[in-house]
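Colleague: Could you pick one small part of this model and walk me through it closely? I'd like to see the part itself, then what surrounds it.

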Amino acid sequence: MMEIVQNTTSGLITSNYYSKTITLKEEREAYILVPKHRLSLFPSLGQLFTLKTINKERIVKIEAIKCNCDGTETFHEHFLIRWTGLSEGDHIVIEQNVATPRQYKMVID
Ligand SMILES: [Zn+2]
């Protein structure tokens, strides 16, 4: 996999893939968290896309959930992709298929 990193004038670093390590909360609640600043890699909220691993393929979407995990009374939003079968400590890489923008592949290791 080739890493494409661009430094824009705003100083933001963007790349064509999203990688993270799965937390216990993500394992238990069966989702992959996507931080707000990485949403641009994916179709808009609620738009369906295909996520494919080596042995399964599912139609998924970015969902927003309301949350007050910071302990305040003010709710904020988290963005996530529902996905079962991940374990805490799994490292995932989600990469968009450049030729087919609604298709993403996920490597888990
Ligand atoms: Zn929260």
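**A close look at I32 and its surroundings**

Modeller: Let's start with I32, which lies in strand β4, residues 31–33. Strands here are DSSP runs of E with at least two residues, helices are runs of H or I with at least four, and both are numbered from the N terminus. Bear in mind that this is a predicted model: local features need pLDDT of at least 70, side-chain atom pairs count only at pLDDT 80 or more, and totals for chains, interfaces and linings use all residues. Residue numbers run from 1 along each chain as its sequence is written.

So is I32 buried or exposed? I32 counts as buried because it has 22 C-beta neighbours inside 10 Å. The cut-offs, with C-beta atoms placed from the backbone, are 20 or more other C-beta atoms within 10 Å for buried, 12 or fewer for exposed, and anything in between for partly exposed. Across the protein, buried residues make up 11% of the 109 residues.

Now for the company I32 keeps. Setting aside neighbours within four places in sequence, I32 is in contact with E26, L80, I81, W83 and I92. A contact means that the two C-beta atoms, placed from the backbone, lie within 7 Å. There is also I62, 30 residues away from I32 in sequence, with 9.6 Å between the C-alpha atoms. For the wider picture, take the contacts in the protein between residues at least 6 apart in sequence: 48% of them join residues at least 24 apart.

Next door in β4 is Y31. Y31 is buried because 21 other C-beta atoms lie within 10 Å. Its contacts, not counting residues up to four places away in sequence, are E26, L80, I81, R82 and W83. The C-alpha atoms of Y31 and I81 are 5.4 Å apart, although 50 residues separate the two along the chain.

One step back along the chain, the picture changes. A30 sits in the loop between α1 (24–29) and β4. A30 counts as exposed because it has 12 C-beta neighbours inside 10 Å. Its phi is near 55 degrees, a positive value in a residue that isn't glycine.

Both β4 residues belong to a bigger group. Y31 and I32 join F42, V60, I62, I81 and W83 in the largest nonpolar core, seven residues in all. Such a core is a set of buried Ala, Val, Leu, Ile, Met, Phe, Trp, Tyr and Cys residues joined through C-beta atoms within 7 Å.

Let's zoom out to the fold. The protein has one helix and ten strands, and along the sequence they read β-β-β-α-β-β-β-β-β-β-β. Five of the strands form an open, mixed sheet in the order β3-β9-β10-β5-β6; two strands count as paired if DSSP finds at least two bridges between them. At the edges are β3 (17–21) and β6 (57–60), each pairing on one side only. Neighbouring strands of this sheet are turned by 20 degrees against each other on average, direction ignored. For that angle, axes are lines fitted to C-alpha atoms (for helices over the stretch in contact), and angles run from 0 to 180 degrees between N-to-C directions.

We can cross the sheet from β3. β3 and β9 run antiparallel over five bridges, with S19 opposite V93 in β9. V93 also has a bridge partner in β10, namely V107. Strand β9 (residues 91–96) pairs with β10 (residues 103–108) in the antiparallel sense, over five bridges, and six residues link them as a hairpin. E95 stands opposite K105 in β10.

K105 turns up again on the way to β5, as the bridge partner of K52. Here the direction is parallel, with three bridges joining β5 to β10. Then β5 (residues 49–52) meets β6 through four antiparallel bridges, one pair being T50 and I59. β5 and β6 form a hairpin too, with four residues between them.

Coming back to where we began, two residues tie the views together: I92, a contact of I32, lies within the 91–96 span of β9, while V60 of the nonpolar core falls within the 57–60 span of β6.
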